[in-house]
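I opened this notebook to look up charged contacts first and aromatic contacts second. The entries follow the order in which I checked them.

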Amino acid sequence: MVSGANGGSRALQVLPEFTNGRKAFEHYAKHSKGVVLGKKGNVKAKPGGADVPEFASYDAYVGAASSFWSPSARKGILEGTRADGSILRFEPSTGYFGVMRNGKISTFFRPDGDGLKYFKDQL
């Protein structure tokens, strides 16, 4: 428990993280900057460009992904589970979509086109 500024207490929440830092950076580059990082340092433009350009920094992207996967999900988020146990979320109000596998964030972005259809197709 943590004491709040007003003397109250609240429980700490552990927010999910990406599988590893390399994967997190690859997803940041792809979804926030619109570039695909390939092997041996090759870089190419992602078709359709950046999905979530509002996250100008790596820290902002990772923070938003962690918040999206907070145990206390925001209202209106749709959630489903694949046969392999992966959990999918879609937030209609923002268009954000994410996948968590084995308690780690696999991806976080805004799908092109109809996000709700994309979410349903991924289940």
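Entry one, a salt bridge between strands. I found that E79 forms a salt bridge with R89, with the closest N and O atoms 2.6 Å apart, where a salt bridge is a side-chain nitrogen of Lys or Arg within 4 Å of a carboxyl oxygen of Asp or Glu. The pair links distant parts of the chain, since E79 sits in strand β5 (residues 78-81) and R89 in strand β6 (residues 87-91), 10 residues apart; helices (H or I, at least four residues) and strands (E, at least two) are DSSP runs, numbered from the N terminus. I noted that E79 counts as partly exposed because its relative accessibility is 47%, whereas R89 is buried, with a relative accessible area of 7%. For these words I used under 20% relative accessible area for buried, over 50% for exposed and the range in between for partly exposed, with a 1.4 Å probe and protein chains only.

A note on the source. This is a predicted model, in which local features need pLDDT of at least 70 and side-chain atom pairs count only at pLDDT 80 or more, while totals for chains, interfaces and linings use all residues. Residues are numbered from 1 along each chain as its sequence is written, and side-chain values use heavy atoms, with hydrogens and water left out.

Entry two, salt bridges within helices. Searching the whole structure, I found 6 salt bridges. One of them joins R22 to E26, with the closest N and O atoms 2.8 Å apart, and both residues lie in helix α1 (residues 21-33), 4 residues apart, about one turn of the helix. R22 counts as exposed because its relative accessibility is 51%, whereas E26, at 23%, counts as partly exposed. I also recorded that R22, K23 and E26 are linked in a network of salt bridges. In helix α3 (residues 115-122), K117 and D121 are likewise 4 residues apart, about one turn of the helix, and their side chains meet in a salt bridge of 2.8 Å, N to O. K117 counts as partly exposed, at 47% relative accessibility. An α-helix has 3.6 residues a turn, so residues three or four places apart point the same way.

Entry three, aromatic pairs. I counted 17 aromatic pairs, taking rings of Phe, Tyr and Trp (its six-membered ring) as paired if their centres lie within 6.5 Å, and calling planes under 30 degrees apart stacked, over 60 edge-to-face and the rest tilted. F25 and Y28 form a tilted pair, 5.8 Å centre to centre with 50° between the planes. These two are 3 residues apart in helix α1, and so about one helical turn separates them. F25 is partly exposed, with a relative accessible area of 40%, while Y28 is buried at 8%. F68 and Y96 form an edge-to-face pair, 6.5 Å centre to centre with 85° between the planes. Because F68 lies in helix α2 (residues 58-68) and Y96 in strand β7 (residues 96-101), the pair ties together parts that are 28 residues apart in sequence. Both F68 and Y96 are buried.

Entry four, the surroundings of α2. Which residues of α2 are buried? I listed Y61, A64, A65, S66 and F68, and what covers the buried residues of α2 includes α1, β6, β7 and β8 (104-109), contact meaning heavy atoms within 4.5 Å. Finally, I noted one aromatic cluster formed by F18, F25, Y28, F55, Y58, Y61, F68, W69, Y96 and F108.
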